[in-house]
Amino acid sequence: MASKSQVKWGGQWSIKKLESVEKYLKAFLYAMKNNAVRYGWRLLYIDAFCGSGSQHIKMEHAGETDLEGHEISDFVEGSAMRALSVTEQLESVGTKGFESFEFIDVDEDALDALRGRIKAEYPGLLRRCNFRHGDSNVLVPEILESCDWRSARGVIFIDPFRANFNRSLLEKVAETESLDVWFLFPLSAIGRMMAREAGKISESWRRKLDDFYGTHEWYETLYTEKEQPTLFDTVDSVSTRAEGYDDLLLFTTKWLQVIFGEDNVLGPLQLDANGSPLFALFAAVSSKNPKAIKLWKRIAGHILGKA
């Protein structure tokens, strides 16, 4: 088992996120079982911020039930282990699983812990796994550029840690026209950086937001300049953002649609803890094929609607 420093913490929202992704991976492989053989496609799973393979659920959630009615323990399987489990399950009944797994994390100890777990629990799949230590914003584009997408299809899960993410990663994914995407948007973290009053946004946060969105449009769209009277009978101009998260989610949805296409984005599924918004889960597809988009929309839409 990984040390506490190597394990992500979560709650009921984590279960919902992980189960949604797991259900999609299983549905994706079922949907691909004929075409992957017919066209000789290699099936790839990329976990851009994989962690150690486990998620530690805070103790107040232990004993609750997940979406399937199973009791939640203090540790749950992370996305990487679930992708391996789905592959093993389906291959045991003759359905093609993922042939390659790319696990990426900036935490080398977490990667070592994940490698150890896979070696112990899925030794037959270890040779299919690549473990890459470093910045996903750099490593994911390198992986994508090295792959011949005429003969490959896959799924990428992007769960950025503390908003350490650049738009260019999603743009590279969109260019493949072969990857389905699950993206966990750090709603609370971005919302904190976007203070209600623009003057309270630090310069470092402005740069981080510009990197995240790849543009300064977040400011131009979300902040409105208003005149505010002062105690000295003068008027100050103050830029503010609306309360809540609706405007931020709408902007982020349109931002994703610019990258992938208006019909190629679903969500968000807002994930809360104790009534406070934490994250928003989006699904996207890079394919330009109308039939592929229609199938993706039916599967991903069902999962997001039932989560």
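This section describes the fold, one strand and its surroundings, one helix, the aromatic pairs and several backbone features of a predicted model.

The chain contains 10 helices and 12 strands. Of its 307 residues, 52% are buried. The accessible surface amounts to about 14900 Å², and carbon and sulfur atoms account for 48% of that area. When contacts between residues at least 6 apart in sequence are considered, 72% of them join residues at least 24 apart.

Strand β5 spans residues 100-105, and six of its six residues are buried. In a regular strand the side chains alternate between the two faces of the sheet. For β5, one side carries Ser100, Glu102 and Ile104, the other carries Phe101, Phe103 and Asp105, and both faces are covered. Strand β2 (residues 42-47) pairs with β5 in the parallel sense, with four bridges between them. Within this pairing, Glu102 of β5 stands opposite Ile46. Strand β6 also runs parallel to β5, and five bridges join the two. Phe101 has Cys129 of β6 as its bridge partner. Between β5 and β6 the chain passes through α3, and the resulting β-α-β crossover is right-handed.

Arg128 lies in the loop that leads from α3 (108-121) to β6 (129-133). The relative accessible area of Arg128 is 14%, so this residue counts as buried, the cut-off being under 20%. Apart from residues up to four places away in sequence, Arg128 touches Thr87, Glu91, Phe98, Glu99, Ser100 and Phe101. Two of these contacts, Ser100 and Phe101, belong to β5, where they sit on opposite sides of the strand.

Cys50 is located in the loop between β2 and β3 (54-57). With a relative accessible area of 6%, Cys50 is buried. Neighbours within four places in sequence aside, the contacts of Cys50 are Phe103, Ile104, Asp105, Leu111 and Leu114. Among them, Phe103, Ile104 and Asp105 are residues of β5 that are themselves buried. Cys50 and Phe131 are 81 residues apart along the chain, and their C-alpha atoms are separated by 9.6 Å.

A search of the whole structure yields 22 aromatic pairs. One of them is formed by Tyr24 and Phe28, whose ring centres are 6.3 Å apart and whose planes meet at 35°, so the pair is classed as tilted. Tyr24 and Phe28 both belong to helix α1 (residues 12-39); because they are four residues apart, about one helical turn separates them. An α-helix has 3.6 residues a turn, so residues three or four places apart point the same way. Tyr24 is buried at a relative accessible area of 2%, and Phe28 is buried at 4%. Tyr24 and Phe28 are also part of one aromatic cluster, together with Tyr45, Phe98, Phe101, Phe103, Phe131 and Trp182. Of the cluster members, Phe101 and Phe103 are on one side of β5, and Phe98 and Phe101 are among the residues touched by Arg128.

In helix α7 (residues 203-213), the residues Arg206, Leu209, Phe212 and Tyr213 are buried. Viewed down the helix axis, the buried residues of α7 fall within an arc of 125°, so they line one face. These buried residues pack against four helices and a strand, namely α5 (167-176), α6 (187-193), α8 (217-222) and α9 (246-260), and β8 (179-185). Gly214 follows α7 and has a positive phi, near 70°.

Further backbone features occur elsewhere in the chain. Glu177, in the loop between α5 and β8, has a positive phi near 55° although it is a residue other than glycine. Its relative accessibility is 41%, so Glu177 counts as partly exposed. Asn274, likewise not a glycine, has a positive phi of about 55°. This residue is placed in the loop between β11 and β12 (276-285). The relative accessible area of Asn274 is 76%, and Asn274 is therefore exposed. Gly267 and Pro268 are joined by a cis peptide bond with omega of about 10°, and Pro268 is found in strand β11 (residues 265-273).

Notes: Residues numbered from 1 in each chain as written. Predicted model: local features only at pLDDT ≥ 70, side-chain atom pairs only at ≥ 80, totals over all residues. Heavy atoms only, no water. Buried < 20%, exposed > 50% of the residue type's maximum accessible area, 1.4 Å probe, protein only. Contact = heavy atoms within 4.5 Å. Pairing = 2+ DSSP bridges. Right-handed = clockwise from strand over helix to strand, strands pointing away. Arc of directions from axis to C-beta. Areas by Shrake-Rupley, 256 points an atom, 1.4 Å probe, with all protein chains shown as cover. Phe/Tyr/Trp six-rings, centres within 6.5 Å; stacked < 30°, edge-to-face > 60°.
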